[in-house]
Amino acid sequence: MQNFTRPARTSLALLFAGGRRLADLVLSTDPKQRRCIVVQLLTALIMVVCTGAMALGARYGMADARHVGALGALCALASLTFFTLIRSGRNQRYRDPTLAFAQTIVAQTLVALAYAIGGPFHAVALMVLSLVMVFGMFSMRASAVRIACLYTIAILGLVMAWRVKTDPLHFPLRIELIYFAVMATTLPAISGLSGHLMGMRQRLKLQKFALEEALERIHEMATRDELTSLPNRRFMMAQLQEHALQRARGGQPFYIGMIDLDHFKSINDTHGHAVGDEVLRAFGVQARHALQTTDLIGRWGGEEFLLVLPETQAGAPTRAVAHLRTKLGAAQVSAAVPQLRVGFSSGFTRYLDGEPIDQAIERADRALYQAKLAGRNQCVVT
């Protein structure tokens with residue numbers, strides 16, 4: 001049984017893969033273009049239904065086969081033209097890439113032709129007419145739907161008047177007036193429904209944007225320190241776990257570091273907590289500017305910061321920290337105390353493969369303590 005099911009599963013997998021390749025070939029791999037092509041194919045399907053109904057009538061002698069053949073050729077030409085425009089990407093030049101309005105106008109014109117050649121069963125075209133409008137209202141603006149409705153009423157009115165005059169047997173005046181009245185009331189109703197639908201879509205779009213902004217703000221609050229605008233402790237722990245996981249899979253070695261601003265308590269006691277907050281914000285600004293994009297730094301708590309630095313060719317993280325120390329030492333960290341300058345002590349350790357993250361952080365913290373004991377404003381790597 002196992003020997004039988006394995007080839008069967010392989011065949012199914014190949015079949016599905018072939019189907020996906022065929023779909024990509026016909027519908028494109030671009031999601032937006034795919035939607036446009038689907039709209040076009042649905043419109044083509046409506047034309048096929050209309051032509052099929054006419055062909056059925058021709059088979060039973062109720063329509064001229066030559067007229068039906070000409071109608072089918074026109075439908076095929078229109079479908080091929082729109083498909084080529086969309087599949088080639090030329091539709092992107094237009095305001096509405098779906099070409100829904102143009103397709104609706106062409107489809108309604110062809111339905112009007114089907115109505116004209118339909119003979120005894122021409123009323124079938126009215127159902128297709130409404131179907132085209134219902135389908136179009138999901139892809140067009142409300143104003144475009146109104147224009148398409150007015151065009152449809154006008155062209156069908158002209159066709160009805162012409163056929164009443166040329167073929168009163170199959171197009172009696174009283175019946176055609178009823179058909180026209182039904183059409184003239186149904187299509188404006190569809191137009192009104194389209195406006196309501198467009199309003200709902202617009203409100204949903206605004207709500208979606210508002211929700212995305214709210215989620216983004218929530219994410220910022222959950223992962224970023226409000227004072228320094230650096231990542232917070234929760235985010236840094238998650239990043240450390242991710243780095244450790246990547247390292248276990250053969251990723252790049254990295255260092256974990258702790259930074260502590262020197263004499264920060266004295267700054268708060270001497271100049272006040274407002275100046276202390278300015279110092280923290282200034283450190284955050286300098287850290288973002290001085291460190292590389294591959295380096296991570298976040299506020300660990302109080303005046304302590306945690307760093308994650310990929311191992312350089314030299315194997316030490318002191319270069320990046322020295323650059324940050326220079327930038328911070330030259331910066332004006334407080335407008336209230338312009339002469340104030342701030343330094344920091346730092347301790348780094350190389351993450352050992354497979355060790356718990358807490359253990360590596362503790363080792364970096366001990367290196368920081370050694371830097372403090374050695375006189376501050378320096379870096380110790382263990």
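Start with the cysteines: counting a disulfide as a pair of cysteine sulfur atoms within 2.5 Å, the total is 0 disulfides. Select C50, which is in no disulfide; its nearest cysteine sulfur, that of C75, is 6.3 Å away. C50 is buried, with a relative accessible area of 4% (buried means under 20%, exposed over 50%, partly exposed in between, with a 1.4 Å probe and protein chains only). Now pick C149, also buried, at 3%; its sulfur is 18 Å from the closest cysteine sulfur, in C50, too far for a bond.

A word on the model: it is predicted, so local features need pLDDT of at least 70 and side-chain atom pairs pLDDT 80 or more, while totals for chains, interfaces and linings use all residues. Residues are numbered from 1 along each chain as its sequence is written, and side-chain values use heavy atoms, without hydrogens and water.

Next, stay with C50 and add I46, M47, C75, A107, L110 and V111: together they line the second largest cavity, with a volume of about 30 Å³.

Then move to the largest cavity, holding about 60 Å³. Its lining includes V39, T43, I46, F135 and G136. Helix α4 (100-117) is one of the elements giving two or more residues to this lining, and α4 gives the most, with 4 residues.

Here a cavity is a set of points on a 1 Å grid over the protein atoms alone where a 1.4 Å probe fits but cannot get out, and lining residues have an atom within 4 Å of a point. Grid points are joined across faces, edges and corners, and a volume is the space filled by probe spheres set on the points. Helices are DSSP runs (H or I, at least four residues), numbered from the N terminus.

Finish at R319 in helix α11 (residues 318-330), exposed at 71% relative accessibility.

Terms used: 1 Å grid on protein atoms, 1.4 Å probe; cavity = no way out; pocket = protein on both sides within 12 Å on 5 of 7 lines; lining within 4 Å.
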